[in-house]
Amino acid sequence: MVNDKEIEALGSILVNVEEPLRARFRALFTLRNLGGSAAIDWISKAFADDSALLKHELAYCLGQMQDERAIPTLVSVLEDTRQEPMVRHEAGEALGAIGNPKVLDILKRYSEDPVIEVAETCQLALRRIEWLLSGQEQWKDDSPYVSVDPAPPAPERSVPELRTRLLDESLPLFDRYRAMFALRNLGTEEAVLALADGLQCGSALFRHEVGYVLGQVQHEACVPQLAAALARADESAMVRHECAEALGAIGKEPCLRALREHLGDRERVVHESCEVALDMYEYENSGQFQYADGLLRLQGAQ
């Protein structure tokens, strides 16, 4: 049983700017797994940080926790135009993940935000909640992943058909995301290569999500495409960041080379992502039981 002192110790690591980023990330994901109001409070405090990468992950974790007590914090972040677009985007996505219809009005308002990544995210979050409320189709969660996704997987199982829908930029993003998550759940090399083709599509938000799901699948067939996206200096930082983290999750030798090349990248969110991804790489190749090992580290320090 976790006690209040352990939650406080983890929270103190999370908000401490003197701690290495990798340690703060492990504390964050431990708090996410523990859940509860105290964990939400500590995660919420960390939005005062100046790392866009960390704040992006804070919002992601609050969404994955699906606890309505996080809604006020997420709304505040979405509304704060001083926050980086990738942070506001993740707050909007997190509100969609929690799925409470009381946020529909706020999502409608920001679905017309001048920042396209924020607007598209809020449009997706709206569609997700409206889809859940419609009850027209049962969400058959046969996914091997435990994530709360921005859209349910499409029912189709044909990779060519799903790939066509994935890459059709005339379709609504929600429909293309459904194809994306269906391909992810298939997880075959053919499906992974179809997903990797999405890294060439026009929407930065879409490309960023492709990078994320490729990291979930952890199939090395997409390493060249991820490394190429990471290396493109004119690519959106939010896309490059997801590609870096995906390479860390895949954890193969070519991933290590690509990540090391960008540890000194001029974009802070990219070089910080490479730092965190190298820690993920170490975890994937270490035989450690879990990445979110903040409690074990606390106990080891005592």
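These are my notebook entries on a predicted model, written as I looked things up.

**Entry 1: the two domains**

I began with the overall division of the chain. The assignment gives domain 1 as residues 1–136 and domain 2 as residues 151–294. I then looked up how far apart the two sit, and their C-alpha centres turned out to be 21 Å apart. The contact between them draws on 25 residues from domain 1 and 31 residues from domain 2.

**Entry 2: the binding-site record at His56, Glu57, His89 and Glu90**

Next I turned to the annotations. An unreviewed UniProt entry places a "binding site" at His56, Glu57, His89 and Glu90. I wanted to know whether these residues are scattered or gathered in space. They span 35 residues in sequence, but no two of their C-alpha atoms are more than 11.2 Å apart, so they gather at one spot. I also checked these residues against the cavities, and Glu90 is included in the lining of the largest cavity.

**Entry 3: His56 and Glu57 up close**

I took His56 to start with. It is part of helix α4, which runs over residues 52–65. Is His56 buried or exposed? Its relative accessible area is 2%, and because buried means under 20%, I noted His56 as buried. Beyond its neighbours within four places in sequence, His56 contacts Met86, Val87, His89, Glu90, His208, His241 and Glu242. I was pleased to find His89 and Glu90 in that list, as both belong to the UniProt feature that holds His56.

Glu57 is in helix α4 too. Its relative accessible area is 4%, which makes Glu57 buried as well. Which residues does Glu57 touch, leaving aside its neighbours within four places in sequence? I found Phe25, Leu28, Phe29, His241 and Glu245. I then looked between the two side chains, and those of Glu57 and His56 make a polar contact of 3.1 Å.

**Entry 4: the binding-site record at His208, Glu209, His241 and Glu242**

UniProt also lists His208, Glu209, His241 and Glu242 under "binding site", again from an unreviewed entry. These residues are spread over 35 residues of sequence, yet they cluster in space, with a largest C-alpha distance of 10.8 Å. Which of them helps line the second largest cavity? The lining of that cavity includes Glu209.

**Entry 5: His208 and Glu209 up close**

His208 is found in helix α12, and it is buried, at 2% relative accessible area. With neighbours within four places in sequence left out, its contacts are His56, His89, Glu90, Met238, Val239 and Glu242. For my own bookkeeping, I set this beside the first record: His56, His89 and Glu90 are named there, and His208 contacts each of these. I looked for a polar link as well, and the side chains of His208 and His89 are joined by a polar contact of 3.2 Å.

Glu209 belongs to helix α12 and is buried, with a relative accessible area of 1%. Not counting residues up to four places away in sequence, Glu209 touches Glu93, Pro150, Tyr177, Met180 and Phe181. Tyr177, Met180 and Phe181 are among the buried residues of helix α10, which took me to that helix next.

**Entry 6: helix α10**

Helix α10 covers residues 173–186 and has 14 residues. From its first C-alpha to its last, helix α10 reaches 20 Å, close to the 20 Å expected at 1.5 Å a residue. How many residues of α10 are buried? I found 12 of the 14, so α10 is largely enclosed by the rest of the structure. Among these buried residues are Arg176, Arg178 and Arg184, along with Leu173, Phe174 and Asn185. The buried residues pack against α8 (116–134), α9 (159–167), α11 (189–197) and α12 (204–217). Just past the end of α10, I noted that Gly187 takes a positive phi of about 70°.

**Entry 7: Leu21**

My last lookup was Leu21, in helix α2 (residues 21–34). Leu21 counts as buried, at 9% relative accessibility. Setting aside neighbours within four places in sequence, I found Leu21 in contact with Leu53, Glu272, Glu275 and Val276. I also looked up a pair of distant positions: Leu21 and Ala221 are 200 residues apart in sequence and 29 Å apart in space, C-alpha to C-alpha.

Conventions: Residues numbered from 1 in each chain as written. Predicted model: local features only at pLDDT ≥ 70, side-chain atom pairs only at ≥ 80, totals over all residues. Heavy atoms only, no water. UniProt positions renumbered as here; feature names shortened; annotations may be inferred. 1 Å grid on protein atoms, 1.4 Å probe; cavity = no way out; pocket = protein on both sides within 12 Å on 5 of 7 lines; lining within 4 Å. Helix = DSSP H or I, 4+ residues; strand = E, 2+ residues; numbered from the N terminus. Buried < 20%, exposed > 50% of the residue type's maximum accessible area, 1.4 Å probe, protein only. Contact = heavy atoms within 4.5 Å. Polar contact = N/O pair within 3.5 Å; in protein donor to acceptor, adjacent residues only side chain to side chain. Expected span 1.5 Å × (residues − 1). Domains from an automatic or database assignment.
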